[in-house]
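This report walks through a structure with two chains, beginning with how strands are joined and then turning to each chain and to the contact between them. Please keep the sequence and the 3D view open while reading.

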Amino acid sequence: MSTNEPLPPTGWHTIGPFFPRTFFKAGDNDLTRLAPEAAPTARGERIILHGRVLEEGGGPCVNAVLEAWQADAGGRFRHPLDPHHAEADPDFLGWGRAWTDADGRYEFHTIMPAGYADAAGPRAPHVNLSVLASGIMRRLVTTVFFPAFEAANTRDPILLALPRDGLRRRLVAAEDGTAGGIRRFRFDLVLHGLPEEETPFFVD
Amino acid sequence: MLTGPPDCFSPYDEAGQPQVPISGYPNTVRRHPSSLPLFRRPVTRTELTGPLDLTPKLQPGDSNLAVSPDGRHALGQLIHISGRVLDEDRRPVRNAVVEIWQANAAGRYFNPLDQRDAPLDPNFIGNGRALTDGNGDYAFFTIRPGAYPVPNSGRWWRPPHVHFSILGPGSLSRLVTQMYFPGDPLNVHDRLLNSLPDLAARERLVAREVSTEEVDGEWLAYRHRLVLRGRHATPPLP
């Protein structure tokens, strides 16, 4: 192989059943802070995104690791591939990691993201989620949308990549009350189920 | 202004990636979508970007797994694992978060979910986290993990392996993998390693033994390269 040829990416493997719990620190599931001791960002509406991860038969997927990534309250990313990164919220991390408990439950603390204009089309407000677990040999990726942005959702290029409206509706979280004045949104991930209930996942 | 060219993240070559289901590993069915193929989506800014400053959150510093915080040595063959994290264009990926975890010398994990009747080592937790340096290099001191039978799946054994998780410069460059040891007789039978159809791709998951003089002679030394997905894509870090 000549030295100018691209290198093939390393092959994926599962995290297996024993991803260390000692890797998790309090606040890892909080996207609003740059560090556990940092103040949360002051920009945007604080929200909770929570739900369950379910496997075949509807049982809980225990000890799954979820990673979340999203834009800030202005629809920006603090990353050089965002042409507007200079205007991004300097106090918002936008990334978090959670693991599922014995009931398959996870929870993220974040802010309501804003949409943005992308070359692929106008992005509605969304959160990208990755699922890692024993038996998932390559992470599963999907995107969570919000019910209040119905018009924007109908134009989102990633929702439109799904062939049917029924599938698109499955990627919209459900508003689920409040906790301490913070709105909660519920999003369950059905990793394997009947065709009418399985969560749509995308090619990574 | 930097923008990612449309071809900077091409689809994976499936021959070089694990194919499921895997016989004797029922979670590869129970936790994998039955609606196949997965849906194709356009790549937008959310997928191209990712967190570049995770160290306040995922703090590095545990790069010596072989010695406990109070200075006691773990049981097992002392080894040193080092290597470079590159993108597909062979550019070093700097400041990537590299996490490893592994079983102890008896093949048992510290994790409370590992209920196998093999001894725990009080001086071995078996996980570490480091950042790649200016050359994209990482390094860990640890012990060679033991093999173990796969729980609840009949009788098959995992060869000694080290789990790796790498958070690179964008969401699409995320990598979770396992590293194997050269010459281990269990490697050719491993159902996870064999789930990669391409033999060369399997061989790239096996580390290379190098001269111990690179690590002052006290540790058996292995080199292991990790290639993250992405071309022309590794952005300059702030």
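Two strands are said to pair if DSSP finds at least two bridges between them. With that in mind, and remembering that the model is predicted, one can look at a single pair of residues in chain B: B:Glu99 has B:Ser165, in strand 7 of chain B, as its bridge partner.

**A sheet in chain B**

This pair of residues belongs to a longer match, in which strand 2 (residues 97-101) and strand 7 (residues 161-167) of chain B run antiparallel and are joined by five bridges. Strands of a sheet pair through backbone hydrogen bonds, and they may do so in parallel or antiparallel fashion. In chain B, four strands make up an open sheet in the order 3-2-7-8, with antiparallel pairing. Strand 3 (127-131) and strand 8 (175-180) of chain B are the edge strands, since each of them pairs on one side only. On average, and with direction ignored, neighbouring strands of this sheet are turned by 20° against each other.

**The two chains as wholes**

Chain A contains two helices and 11 strands, and its elements follow one another from the N terminus as β-β-β-β-β-β-β-β-α-α-β-β-β. The radius of gyration of chain A is 17 Å, close to the 17 Å that the globule rule gives for 204 residues, so chain A is as compact as a globular protein of that length. Chain B contains three helices and 11 strands, and its pattern along the sequence is α-α-β-β-β-β-β-β-β-β-α-β-β-β. For chain B, with 238 residues, the radius of gyration is 19 Å, which agrees with the value near 18 Å that a compact globule would have.

The table lists further values for each chain.

| Property | Chain and value |
|---|---|
| Box of the C-alpha atoms along the principal axes | chain A, roughly 55 × 40 × 40 Å |
| Span of the C-alpha trace along the principal axes | chain B, about 55 × 40 × 30 Å |
| Buried residues | chain A, 49% of 204 residues |
| Buried residues | chain B, 45% of 238 residues |
| Share of contacts with a separation of 6 or more that join residues 24 or more positions apart | chain A, 69% |
| Share of contacts with a separation of 6 or more that join residues 24 or more positions apart | chain B, 72% |

**A covered strand in chain A**

Strand 3 (residues 95-99) of chain A is mostly covered, with five of its five residues buried. A:Trp95, A:Arg97 and A:Trp99 point one way from this strand, while A:Gly96 and A:Ala98 point the other way. Strand 2 (residues 65-70) of chain A runs antiparallel to strand 3 of chain A and is joined to it by five bridges; within this pair of strands, A:Leu66 stands opposite A:Ala98.

**Where the chains meet**

The contact between the chains takes 62 residues from chain A and 71 residues from chain B. On the side of chain A that touches chain B, strand 5 (116-118) and strand 7 (126-132) of chain A each supply at least two residues, and strand 7 gives the largest share, four residues. The residues of this side of chain A comprise 38 nonpolar, 14 polar and 10 charged ones.

A:Ala120 offers a local example, as it lies in the loop between strand 5 and strand 6 (121-123) of chain A. Neighbours within four places in sequence aside, A:Ala120 is in contact with A:Pro157, B:Pro42 and B:Thr44. Is A:Ala120 buried or partly exposed? It has 18 other C-beta atoms within 10 Å, and because a buried residue needs 20 or more, A:Ala120 counts as partly exposed.

Notes
Residues are numbered from 1 along each chain as its sequence is written. Chains are lettered from A and ligands numbered from 1 in the order in which they are written. This is a predicted model: local features need pLDDT of at least 70, side-chain atom pairs count only at pLDDT 80 or more; totals for chains, interfaces and linings use all residues. Two residues are in contact if their C-beta atoms, placed from the backbone, lie within 7 Å. Ala, Val, Leu, Ile, Met, Phe, Trp, Tyr, Cys and Pro count as nonpolar, Asp, Glu, Lys and Arg as charged, and the others, Gly among them, as polar. The radius of gyration is taken over C-alpha atoms; the globule rule is 2.2 Å times the number of residues to the power 0.38. A residue is buried if 20 or more other C-beta atoms lie within 10 Å of its own, exposed if 12 or fewer, and partly exposed in between; C-beta atoms are placed from the backbone. Axes are lines fitted to C-alpha atoms, for helices over the stretch in contact, and angles run from 0 to 180 degrees between N-to-C directions.
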